[in-house]
Amino acid sequence: MSILQIVGIGFLATVLILVIREQKPMFAYLLSAFVGVAIFLAFVGKIDNVITVLEDLADRSGIPTVYLKTMLKIIGIAYIAEFGAQIVRDAGLESIASKIEFAGKMLILVMAVPIISVIVETVLNLLPA
């Protein structure tokens, strides 16, 4: 699916939602969520190519795959948290959207601790004693 198709679907959904919102606000919200999920799922399959390239680069550079997998999980958490927060925000629930974003950030921090400690250890080993 190309970006032009995605933008076209987005514009079409926006017009439909604006028309429907006055009469059936719940249906408009469901349509918005459905279109958002459909666009998200359209690009999830394309991520496989990126992961393959990153795994190849990690293998050639000697980086342990556990770090690459952790980084990919962190990226996934960030995208999913942002996507979920936007859907909740579309429903007008800003406070819950903020909590979803906060939870995503905390999960990212927890998952990043091993990578951060390896970086600090490497820097400390490079410094003269």
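Which helices each supply at least two residues of the lining of the largest pocket? In this predicted model, the helices in question are α2 (25-44), α3 (47-61) and α4 (65-90). The paragraphs below begin with the layout of the chain, turn to the two pockets, and end with the core and two buried residues.

The domain assignment splits the chain into domain 1, residues 1-44, and domain 2, residues 45-129. Taken over C-alpha atoms, the centres of domain 1 and domain 2 are 28 Å apart. Contacts nevertheless join the two parts: 11 residues of domain 1 are in contact with nine residues of domain 2.

The largest pocket is a good place to begin a tour of the model. Its volume is about 440 Å³, and 15 residues form its lining. Nearest the centre of this pocket are Phe40, Ile47, Ile75, Gly76 and Tyr79. Among the helices that contribute, α4 gives the largest share of the lining, with seven residues. What is the chemical character of the residues in this lining? The lining of the largest pocket consists of 13 nonpolar residues, one polar residue and one charged residue. The position of the pocket can be reasoned out from the domains: because domain 1 (1-44) and domain 2 (45-129) both give residues to the lining, the largest pocket lies between them.

The second largest pocket holds about 170 Å³ of space. Its lining is made up of Tyr29, Ser32, Ala33, Gly36, Ile39, Phe40, Phe83, Gln86, Ile87 and Asp90. Phe40 is thus a name to look for twice, since this residue lines the second largest pocket and is also listed among those nearest the centre of the largest pocket. Both α2 and α4 supply at least two residues each to the lining of the second largest pocket. Here the largest share, six residues, comes from α2, whereas in the largest pocket the largest share comes from α4. By chemical character, the lining of the second largest pocket divides into six nonpolar, three polar and one charged. Each of the two domains, domain 1 (1-44) and domain 2 (45-129), provides at least three residues of this lining.

Attention now moves from the pockets to the core. Which residues make up the largest nonpolar core? This core has six residues, namely Ala13, Ile17, Ile20, Ala28, Leu31 and Val35. At least two residues of the core come from each of α1 (3-21) and α2. Ala13 illustrates how core residues meet: with neighbours within four places in sequence left aside, Ala13 is in contact with Leu31 and Val35.

Ile17, another member of the core, is located in helix α1. Is Ile17 buried or exposed? With a relative accessibility of 9%, Ile17 counts as buried, because the cut-off for buried is under 20%. Ile17 and Ala28 stand 11 residues apart in sequence, and their C-alpha atoms are 5.0 Å apart in space. When residues up to four places away in sequence are not counted, Ile17 touches Ala28, Leu31 and Ser32. Of these partners, Ala28 and Leu31 belong to the largest nonpolar core, while Ser32 is one of the residues lining the second largest pocket.

A further buried residue is found in helix α4, where Thr70 lies. The relative accessible area of Thr70 is 16%, so this residue is buried. Apart from neighbours within four places in sequence, Thr70 is in contact with Met111 and Ile115.

Conventions: Residues numbered from 1 in each chain as written. Predicted model: local features only at pLDDT ≥ 70, side-chain atom pairs only at ≥ 80, totals over all residues. Heavy atoms only, no water. 1 Å grid on protein atoms, 1.4 Å probe; cavity = no way out; pocket = protein on both sides within 12 Å on 5 of 7 lines; lining within 4 Å. Points joined across faces, edges and corners; volume = space filled by probe spheres on them. Helix = DSSP H or I, 4+ residues; strand = E, 2+ residues; numbered from the N terminus. Nonpolar A, V, L, I, M, F, W, Y, C, P; charged D, E, K, R; others polar. Domains from an automatic or database assignment. Core = buried A, V, L, I, M, F, W, Y, C linked by side-chain atoms within 4.5 Å. Buried < 20%, exposed > 50% of the residue type's maximum accessible area, 1.4 Å probe, protein only. Contact = heavy atoms within 4.5 Å.
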